[in-house]
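Hi everyone, thanks for coming. Please pull up the model on your screens, and we'll take a short walk through it together.

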Amino acid sequence: MAVGWDFIGKSMKIDRISGIAAKYAGKPLSSFSHLSSHASRTLDISGVGNFGSQSGFVGEMFGATGDLLRSVSVPTEADKPIIVELAVAAMEELIRMAQAGDPLWIPAHHDNNSISGGNNSTEILNEDEYLRTFPRGIGPKPLGMKSEASRETNVVIMNHTNLVEILMDVNQWSTIFCGIVSRAMTLDILSTGVAGNYNGALQVMTAEFQVPSPLVPTRENYFVRYCKQHGDGTWAVVDVSLDNLRPSPISRSRRRPSGCLIQELPNGYSKVTWVEHVEVDDRAVHNIYKPLVNSGIAFGAKRWVATLDRQCERLASSMASNIPAGDLCVITSPDGRKSMLKLAERMVMSFCVGVGASTAHAWTTLSATGSDDVRVMTRKSMDDPGRPPGIVLSAATSFWLPVPPKRVFDFLRDENSRSEWDILSNGGLVQEMAHIANGRDPGNCVSLLRVNSANSSQSNMLILQESCTDSTGSYVIYAPVDIVAMNVVLTGSGIVEVGSGGSLLTVAFQILVDSVPTAKLSLGSVATVNNLIKCTVERIRAAVTSENVQ
């Protein structure tokens with residue numbers, strides 16, 4: 001069965017939504033005040049891109065170092081020979097893991113009520129055979145941890161040189177995999193490799209890996225990354241944990257040799273074989289997410305490869321010079337097209353970096369009073385280049401729907417059904433002004449939408465939206481675009497298929513509630529967002545379970 005996450009996004013200040021949220025319960029959408037944003041069909045989209053840099057979608061989203069990343073020190077000179085030895089052994093193990101067959105890897109069999117990625121070639125590691133084949137490694141599995149191992153192969157539209165560069169540059173790696181990598185830093189570079197390429201490059205890193213939900217704790221790893229060329233056009237990049245070098249190991253997870261083998265193919269394509277092998281204490285995962293995590297899809301090789309494949313398609317699309325005739329009145333040049341795609345990328349990064357259960361965030365559960373639990377947390381944004389200062393309030397909740405994920409995804413990204421669930425669009429007619437396809441699947445696209453207000457005395461609103469789907473997940477992330485000023489507020493939802501064609505939907509909001517970072521959060525702001533998220537859940541639940549969606 002396919003697994004998916006859908007993420008929906010929205011952008012405005014708390015004072016512009018409080019009236020809507022507070023008055024919503026029990027009233028039709030048409031009763032809400034509308035959110036103003038002036039727009040016309042002749043909008044220069046490159047200007048919208050410029051507003052993005054002023055309002056917080058720009059900048060290094062993974063530069064904040066937080067308590068966890070600051071707690072990891074640069075390795076000492078005495079550590080470096082040990083690190084090199086570990087890296088060399090890990091590279092040998094990765095190559096063998098990537099190329100071996102039975103009995104090391106055996107086919108995985110899933111029953112009808114389990115979650116899988118819909119790929120019959122999915123394999124699982126024979127742990128007994130693994131221990132016989134690799135008796136040394138990084139030592140026995142720690143008490144309380146369990147093993148997760150997976151392997152996936154795919155052909156992607158990117159040459160091997162660019163793939164290696166992405167993997168060895170922490171900023172590019174964090175951007176491409178922003179849905180998986182919540183924070184990352186390079187702590188030390190032991191070798192830059194051979195002049196002109198990354199052959200032999202060694203770097204010590206720390207990173208947090210996430211599912212975009214507060215219900216699944218992030219996995220933090222301290223590791224060395226080693227890149228090596230193996231013959232003509234074949235490269236390998238491997239990670240292995242360095243927990244034993246820490247003064248007091250506190251990690252809930254560690255990486256056994258994990259990474260990918262990259263083989264050059266004609267016409268700018270590459271064959272990627274990814275191995276993901278970790279040991280983790282996952283007891284803190286919420287029960288409703290355990291099937292997703294236990295299946296290996298949440299953090300496994302299939303998700304890494306699917307994300308890479310989708311992002312390679314997206315990058316290829318961003319370099320295209322052709323503009324559909326129907327978009328020419330909005331997107332007037334290739335530069336305008338790139339600007340719209342770049343702004344959408346910043347929006348997606350902003351959402352992903354703030355919705356997960358990073359160790360830098362502390363979530364609180366609100367009492368549910370007959371509804372699903374809503375988790376809330378606040379973050380202070382200060383001295384963060386490219387992001388507005390202030391207090392950001394996030395809220396998230398999860399619930400089950402008896403509808404397959406693809407139907408929910410298609411419903412949420414369809415502008416014609418938006419008025420059925422999107423409270424803040426106030427029931428207005430939604431029109432797609434521009435559409436940029438950025439993948440093989442029709443669900444992979446960036447759109448500029450205009451909400452035509454049902455009330456003639458109120459202004460229209462522009463919405464920038466990116467939707468994307470692959471074999472492991474789907475996202476719909478959007479943000480209202482105010483031509484005069486843009487404030488960071490994003491909303492999201494995530495869908496996971498749970499046996500018998502049902503879906504687990506997670507809805508999340510991120511809102512800038514005060515532009516002063518030192519201000520105290522008011523109870524009214526919390527109540528507003530809590531009310532807004534519950535009302536949105538009710539609208540989605542009612543809409544997608546109606547006959548027209550099923």
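Let's begin with a term: a disulfide here is a pair of cysteine sulfur atoms within 2.5 Å. In general, a disulfide is a covalent bond between the sulfur atoms of two cysteines. Before we use that, a word on the source: this is a predicted model, where local features need pLDDT of at least 70 and side-chain atom pairs count only at pLDDT 80 or more, while totals for chains, interfaces and linings use all residues. Residues are numbered from 1 along each chain as its sequence is written, and side-chain values use heavy atoms, with hydrogens and water left out.

So how many disulfides does the structure hold? Zero. Take Cys178: the nearest cysteine sulfur belongs to Cys352 and is 4.2 Å away, and Cys178 is in no disulfide. And why is there no bond between Cys227 and Cys260? Because the sulfur of Cys260, the closest cysteine sulfur to that of Cys227, is 8.8 Å away, too far for a bond.

Are these cysteines buried or exposed? Buried means under 20% relative accessible area, exposed over 50%, and partly exposed in between, using a 1.4 Å probe and protein chains only. Cys178 is buried at 5%, and Cys227 is buried at 0%. Across the protein chain, buried residues make up 57% of the 550 residues.

One last stop is Thr175, in helix α7, residues 170–176; helices are DSSP runs of H or I, at least four residues, numbered from the N terminus. Thr175 is buried too, with a relative accessible area of 19%. A polar atom of its side chain lies 2.9 Å from the backbone oxygen of Asn171.

Note on methods. Helix = DSSP H or I, 4+ residues; strand = E, 2+ residues; numbered from the N terminus. Polar contact = N/O pair within 3.5 Å; in protein donor to acceptor, adjacent residues only side chain to side chain.
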